[in-house]
Amino acid sequence: MEPYVHRTPVMSASTLDEICGNSVFLKCENFQRAGAFKARGAFNALVRLSPEQRARGVVAYSSGNHAQAVALAARVLGIQETILMPLDAPASKAAAVEGYGARIVRFDRYEDDRAALADELARQSGATVLPPFDHPHIIAGQGTAARELVDEVGELDVLLVPVSGGGLLAGSALAVRQRLPGVRLVGIEPETGDDTKRSLESGVRVSGEVPRTVADGLAVDRPGALPFEIMRQLVDEILLVGDEQIVEAMRWLFERTKLVVEPSGAVGVAALLNGLIGARDARVGVIVSGGNVSAERFARLVTGTGPGG
């Protein structure tokens with residue numbers, strides 16, 4: 001992985017420690033290539049394609065970060081790619097995908113079945129479908145962020161991880177559970193998109209409507225099949241944060257640590273700032289999953305002048 005992805009920094013903030021009564025370590029994937037942890041899984045999956053598969057190209061679907069990561073990895077490795085992106089994906093993320101040279105096909109995330117659309121495109125071209133989370137090489141690649149965090153800071157009592165389809169949380173669980181058997185693994189979801197929480201509580205994957213949330217990177221209708229099985233065995237709980245809490249965490253991170261973090265990447269800090277983890281005097285790791293937000297959208301969100309776009 002090292003030739004392709006960055007070993008991102010781990011940061012701390014004494015003020016955050018004081019607010020939540022813990023020692024907090026922020027794994028800053030907003031400094032990763034393509035702006036988010038997704039580069040880890042994309043490169044890990046693409047380098048494992050056979051020469052024949054590389055020649056036929058790949059198809060991916062994503063609201064933004066996986067799209068950017070696949071587009072970057074494909075360009076670096078000389079692979080043709082087609083990216084399915086929702087009509088309401090942030091304009092800055094779509095522009096980045098196009099900048100990497102990918103072909104974009106749009107879809108309605110609230111009406112269309114993106115996996116079915118990707119399968120049809122792949123059938124027509126012979127390309128390989130690279131889903132954003134339901135893939136063993138994607139999951140393994142995403143887990144390297146948590147592994148690096150533990151390598152650097154050692155023992156953790158709690159690890160907070162954003163969760164959408166579950167690839168990052170599942171990969172993190174696989175990466176650290178054996179090394180830290182007592183660590184409390186916690187996924188963080190938007191309140192309007194609690195499909196993983198409901199799925200783990202019921203013991204089966206629960207589907208719902210794609211949530212409307214400021215955290216566009218976490219807006220899926222259910223967890224992936226493979227991540228769900230891993231989370232069901234290794235994850236302790238899922239906590240929920242509201243959009244206002246997420247935006248406040250973005251504002252806090254910018255003002256107090258000078259970190260620019262997208263909504264999806266701020267959910268762990270949102271949980272801490274609002275006292276949701278119920279721990280004191282603990283060593284807490286937080287995966288800050290990405291920083292792909294335009295200056296315009298960031299300003300609108302943190303100033304309260306609009307929903308951003």
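**Exercise 1. Set Val-47 in its surroundings: find its contacts beyond four places in sequence, its location and its exposure.**

Solution.
- Start with contacts. Leaving aside neighbours within four places in sequence, Val-47 touches Tyr-4, Arg-54 and Leu-77. This is a predicted model.
- Next, location. Val-47 sits in the loop that links helix 2 (38-46) and helix 3 (51-56).
- Then exposure. The relative accessible area of Val-47 is 28%. Buried means under 20% and exposed means over 50%, so Val-47 is partly exposed.
- Last, a distance. His-137 lies 90 residues from Val-47 along the chain, and their C-alpha atoms are separated by 9.9 Å.

**Exercise 2. Describe how helix 10 and helix 11 pack.**

Solution.
- Know what to look for. A packed helix pair is described by the angle between the axes and the distance between them.
- Read both values. Helix 10 (residues 195-202) and helix 11 (residues 225-234) meet at an angle of about 60°, with axes 10 Å apart.
- Classify the angle. Roughly parallel needs under 35 degrees, and roughly perpendicular runs from 65 to 115. The two helices are therefore oblique to each other.
- Add the handedness. Helix 10 passes helix 11 in a right-handed crossing.
- List the contact residues. Helix 10 supplies Thr-196, Ser-199 and Leu-200; helix 11 supplies Phe-228, Met-231 and Arg-232.
- Sort them by class. The contact has three nonpolar, two polar and one charged residues.

**Exercise 3. Decide how enclosed helix 8 is.**

Solution.
- Pick out the buried residues of helix 8: Thr-144, Ala-145, Ala-146, Glu-148, Leu-149, Val-150 and Val-153.
- Weigh the count. Seven of the ten residues in helix 8 (residues 144-153) are buried, so the rest of the structure largely encloses this helix.
- Check what comes next. Gly-154 follows helix 8, with a positive phi near 80°.

Terms used. Residues are numbered from 1 along each chain as its sequence is written. This is a predicted model: local features need pLDDT of at least 70, side-chain atom pairs count only at pLDDT 80 or more; totals for chains, interfaces and linings use all residues. Side-chain values use heavy atoms; hydrogens and water are left out. Axes are lines fitted to C-alpha atoms, for helices over the stretch in contact, and angles run from 0 to 180 degrees between N-to-C directions. Helices (H or I, at least four residues) and strands (E, at least two) are DSSP runs, numbered from the N terminus. Angles under 35 degrees count as roughly parallel, over 145 as roughly antiparallel, 65 to 115 as roughly perpendicular and the rest as oblique. A crossing is left-handed if the near helix is turned anticlockwise from the far one by less than a right angle, and right-handed if clockwise. Contact means heavy atoms within 4.5 Å. Ala, Val, Leu, Ile, Met, Phe, Trp, Tyr, Cys and Pro count as nonpolar, Asp, Glu, Lys and Arg as charged, and the others, Gly among them, as polar. Buried means under 20% relative accessible area, exposed over 50%, partly exposed in between (1.4 Å probe, protein chains only).
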